[in-house]
Amino acid sequence: MSEFISRLRALTAPLPTDTPRRWVFAPYDQLTDRVGPLSADPTTLGLVLVECPGKARRRPYHRQKLALVLANLRHFALEQAARGVLVRHLTAPSYAEALRRLVAEVGPVTMMEAAERELRHELAPLVSEGLLHVVPHAGWLSTPEDFAASQKPAPPWKMEPFYQHLRKKTGLLMEGGKPLGGRFNFDDENRRPWRPERGDPPAPTPPRFTPDAVTREVGTLIEEHFARHPGTLDLGALPATQADADHLWQWAMDACLPYFGPFEDALSTRSSGLFHTRIAPLLNLHRLLPRDIVRDVAALPIEHPSKEGFIRQVLGWREYVHHVHRATDGFRRAPAPASATAPHPGDGGYAGWSGAPWYLPRDGDAAVDGGACPSALGAASPVPPAYWGTPSGLRCLDTVVADVWREGYSHHITRLMVLANLGTTLGLSPRALTDWFWVAYTDAYDWVVEPNVLGMGTYALGGLMTTKPYVSGAAYIDKMS
């Protein structure tokens, strides 16, 4: 018996099973009891968590991403059982199959709306049959009505009026109905290169974590069953428990955010993260909640441009891309530009680099397409092996690619102004580059990676959600790095 199953059974064995429970399905990215259905009295709740090898095989996901999701899901199961929640942990080829089996046993199940379009699509038949009751996702900071109220009836959509609308609605960084500091956006003050040799503060070292037996077991599982997946597996860099997530956030507030603003756009070969907080993977799993993050940052005694710049990323851009993705069904319907849909999930250039195809779906795996394929600039070239670690001769590209395959991470400027910029300059297929980002980064899910790469990084959507292509030459990289 595995360590995880042994611990889970020990925690659930004393729990009463003769009283009715409201059963809640928590997807892999809703690991919280601070909002939503799981915030109720634990003794009234049943929780179902599903591990789906078919999803893990769907794309050549970075091994660190697989470990992050699986370790957090298993630790969340143990944490909820310790609260008194009756936990059912299931493994199945698809989420729909697992839930259909459970519903036959316990009756209809409740869930918050899935953030990922892929999961919503897979579970839609259960919803239409009345087997799965969907309630609004309580983790978001805004509603579709907020998005509609801030935009013109038809695109182009813009983030800035949406962000200002939410600032006014929430009162964050506002006083007397006016933005603190006299304006909403301090981006022009957040563009300093990082020069430690000239007295700039040293870049903080991210915390390390001590993997327990459950996390080590996850690492062994990945090494044995997902050995073809790329990337370095580093369990010591992996926050797996709620306590780990809270520790990382405290480190970020203490060590990163005081200097985040001025160096937000800086790049360096000496630090892959500089003063970026690295919390996006945990934010997207809901181990950390956006509402708590923006509240904490608003209360910090730090310079206003740092405070505003960070809150704009969470309250503004993160919420904005979610609404754009949701309103267009992942850019499959108007008002997104008309485009084909890939017949199956892409591998982001894995086959071209490795010389071997990725994988063919197995019986029982959920049938999903490969997403919308817009290309406003006509780009269509494959992702080259340089994005998988083959040396290119470009130091900026090779450095960032090495960081990504080592950590499953690089900060947003290296993503935008190195990886996406060079991809646009080279005419890489926006769909293929999106798939590369999806498999390579630990924080990538369809609702965030597709708008960021198709919309912002490659301008594949034209002016739907961004005002211009983000391209530059060597001068910008030299200035900021």
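This explanation moves from the overall fold to helix 17 and the helices packed around it.

The structure is a predicted model. Its secondary structure comprises 18 helices and 7 strands. The radius of gyration is 22 Å, close to the 23 Å that the globule rule gives for 481 residues, so the protein is as compact as a globular protein of that length. Along the principal axes, the C-alpha trace spans about 65 × 60 × 50 Å. Of the 481 residues, 58% are buried. Sequence-distant contacts are well represented: among contacts between residues at least 6 apart in sequence, 76% join residues at least 24 apart.

Helix 17 offers a local view of this arrangement. The helix covers residues 446-457, and 11 of its 12 residues are buried, so helix 17 is largely enclosed by the rest of the structure. The buried set consists of Asp446, Trp447, Val448, Val449, Glu450, Pro451, Val453, Leu454, Gly455, Met456 and Gly457. What covers these residues includes helix 5 (117-128), helix 10 (280-285), helix 12, helix 15 (412-425) and helix 16. Two of these neighbours, helix 12 and helix 16, are described next.

Helix 16 (residues 430-440) packs against helix 17 at an angle of about 135°, with the axes 9 Å apart. An angle of this value makes helix 16 oblique to helix 17, and the crossing of the two is right-handed. On the side of helix 16, the contact is made by Pro430, Arg431, Leu433, Thr434, Phe437 and Trp438; helix 17 contributes Asp446, Val449, Glu450, Val453 and Leu454. By class, this contact has 7 nonpolar, 1 polar and 3 charged residues.

Helix 12 (residues 304-327) approaches helix 17 with a different geometry: the axes come within 9 Å and cross at roughly 90°. Angles of 65 to 115 degrees count as roughly perpendicular, and helix 12 and helix 17 are therefore roughly perpendicular to each other. Here Trp317, Arg318, Val321, His322 and His325 of helix 12 meet Asp446, Trp447, Val448, Glu450, Pro451, Asn452 and Met456 of helix 17. By class, the contact of helix 12 with helix 17 has 6 nonpolar, 3 polar and 3 charged residues. Asp446 and Glu450 of helix 17 take part in the contacts with both helix 16 and helix 12.

The chain then leaves this helix. Just after helix 17, tyrosine 459 takes a positive phi of about 60°.

Technical notes. Residues numbered from 1 in each chain as written. Predicted model: local features only at pLDDT ≥ 70, side-chain atom pairs only at ≥ 80, totals over all residues. Heavy atoms only, no water. Axes fitted to C-alpha atoms, helices over the stretch in contact; angles between N-to-C directions. Helix = DSSP H or I, 4+ residues; strand = E, 2+ residues; numbered from the N terminus. Parallel < 35°, antiparallel > 145°, perpendicular 65-115°, else oblique. Left-handed = near helix turned anticlockwise from the far one by under 90°. Contact = heavy atoms within 4.5 Å. Nonpolar A, V, L, I, M, F, W, Y, C, P; charged D, E, K, R; others polar. Rg over C-alpha atoms; globule rule 2.2 N^0.38 Å. Buried < 20%, exposed > 50% of the residue type's maximum accessible area, 1.4 Å probe, protein only.
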